[in-house]
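Let's walk through this model together, starting from a single residue and working outwards. Keep the structure open beside the text as you read.

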Amino acid sequence: MHVKKGDLVQVIAGKDKGAKGHVIATLPREDRVVVEGINMIKKHTKETHQGPRGAKTGGVQTMEAPIHVSNVKKLKDEKRDDKPAAKKADDKADETGEDS
C-alpha cells in the first residue's frame, strides 16, 4: 500500500472527491483505508448490558467507513520531513576508517 497511518491524503474518486484528511487506520488485506472525516456513515447500535464495564448506550453513531486505497492520493505533509538526515563533518572520518 502506498499510504500508512498518519499520512495526509486527498480523495480522488467517489462522493467525497477533493476532500483531504489524515489516515486513521489501514486494512491491508482488503486494500482499504479509513480517513478522518471522509465517507461518514450512520451506524445504529443497540443498547447492551454485556461487557466488562456494564451497559452500553444505544442510538445512532456517526463514524468513518473504509474506502479503497486506489481512491486516495498521498499528499506532502508540511509537518513531516521524509528526507534522510544530512551528513555531518564527523561522518567523513568514519568513511576513511581513521580514528581521531
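Setting aside neighbours within four places in sequence, Q10 is in contact (heavy atoms within 4.5 Å) with G18, A19, K20, N71, V72, K73 and L75. This is a predicted model, in which local features need pLDDT of at least 70 and side-chain atom pairs count only at pLDDT 80 or more, while totals for chains, interfaces and linings use all residues. Residues are numbered from 1 along each chain as its sequence is written, and side-chain values use heavy atoms, with hydrogens and water left out.

Q10 sits in strand β1, which covers residues 8–11. Strands here are DSSP runs of E with at least two residues, helices are runs of H or I with at least four, and both are numbered from the N terminus. With a relative accessible area of 18%, Q10 is buried; the word means under 20% relative accessible area, against over 50% for exposed and partly exposed in between, using a 1.4 Å probe and protein chains only. A polar atom of the Q10 side chain lies 3.5 Å from the backbone oxygen of G18.

Which residues stand opposite Q10 in β2 and in β7? In β2 it is K20, and in β7 it is K73. Both residues also appear in the contact list of Q10. One place earlier, V9 has K74 as its bridge partner in β7.

These partners belong to a wider arrangement. In general, strands of a sheet pair through backbone hydrogen bonds, in either a parallel or an antiparallel way. Here five strands form an open sheet in the order β6-β3-β2-β1-β7, with antiparallel pairing. β6 (67–68) and β7 (72–74) stand at the edges and each has a single partner strand, so one side of each is left without a neighbour in the sheet. Two strands count as paired if DSSP finds at least two bridges between them. β1 and β2 pair in the antiparallel sense over three bridges, and β1 and β7 also pair in the antiparallel sense over three bridges.

Now look at the two faces of β1. In a regular strand the side chains alternate between the two faces of the sheet. In β1, L8 and Q10 lie on one side and V9 and V11 on the other, and all are buried, leaving both faces covered.

V9 and V11 lead us to the largest nonpolar core, a set of ten residues: V3, V9, V11, V23, V33, V35, I38, I67, V69 and V72. Such a core is a set of buried Ala, Val, Leu, Ile, Met, Phe, Trp, Tyr and Cys residues joined through side-chain atoms within 4.5 Å. β1 and β3 each supply at least two residues of this core. One member, V72, lies in strand β7 and is buried at a relative accessible area of 3%. Beyond four places in sequence, V72 is in contact with H2, V9, Q10, V11, I12, V33 and I67. The C-alpha atoms of V72 and K20 are separated by 9.2 Å, although these residues are 52 apart along the chain. Another core member, V23, touches K4, K5, G6, D7, V9, V33, V34 and V35, again not counting residues up to four places away.

Two loop residues deserve a look at their backbone angles. Most residues other than glycine have a negative phi. D31, in the loop between β2 (20–27) and β3 (32–35), has a positive phi near 55 degrees. N39, in the loop between β3 and β4 (40–45), likewise has a positive phi near 55 degrees. Are these residues buried or partly exposed? D31 counts as partly exposed at 34% relative accessibility, whereas N39 is buried at 17%.

Finally, step back to the whole chain. There are one helix and seven strands, following the pattern β-β-β-β-β-β-β-α along the sequence. Buried residues make up 18% of the 100 residues. Among contacts between residues at least 6 apart in sequence, 52% join residues at least 24 apart. In an unreviewed entry, UniProt places the feature "domain: KOW" at residues 2–29. That span is 0% helix and 43% strand, and its end C-alpha atoms lie 14 Å apart.

Terms used: A polar contact is a pair of N or O atoms within 3.5 Å; within protein, one must be able to donate a hydrogen and the other to accept it, and residues adjacent in sequence count only if both atoms are side-chain atoms. UniProt positions are given in the numbering used here, feature names are shortened, and annotations may be inferred rather than shown by experiment.
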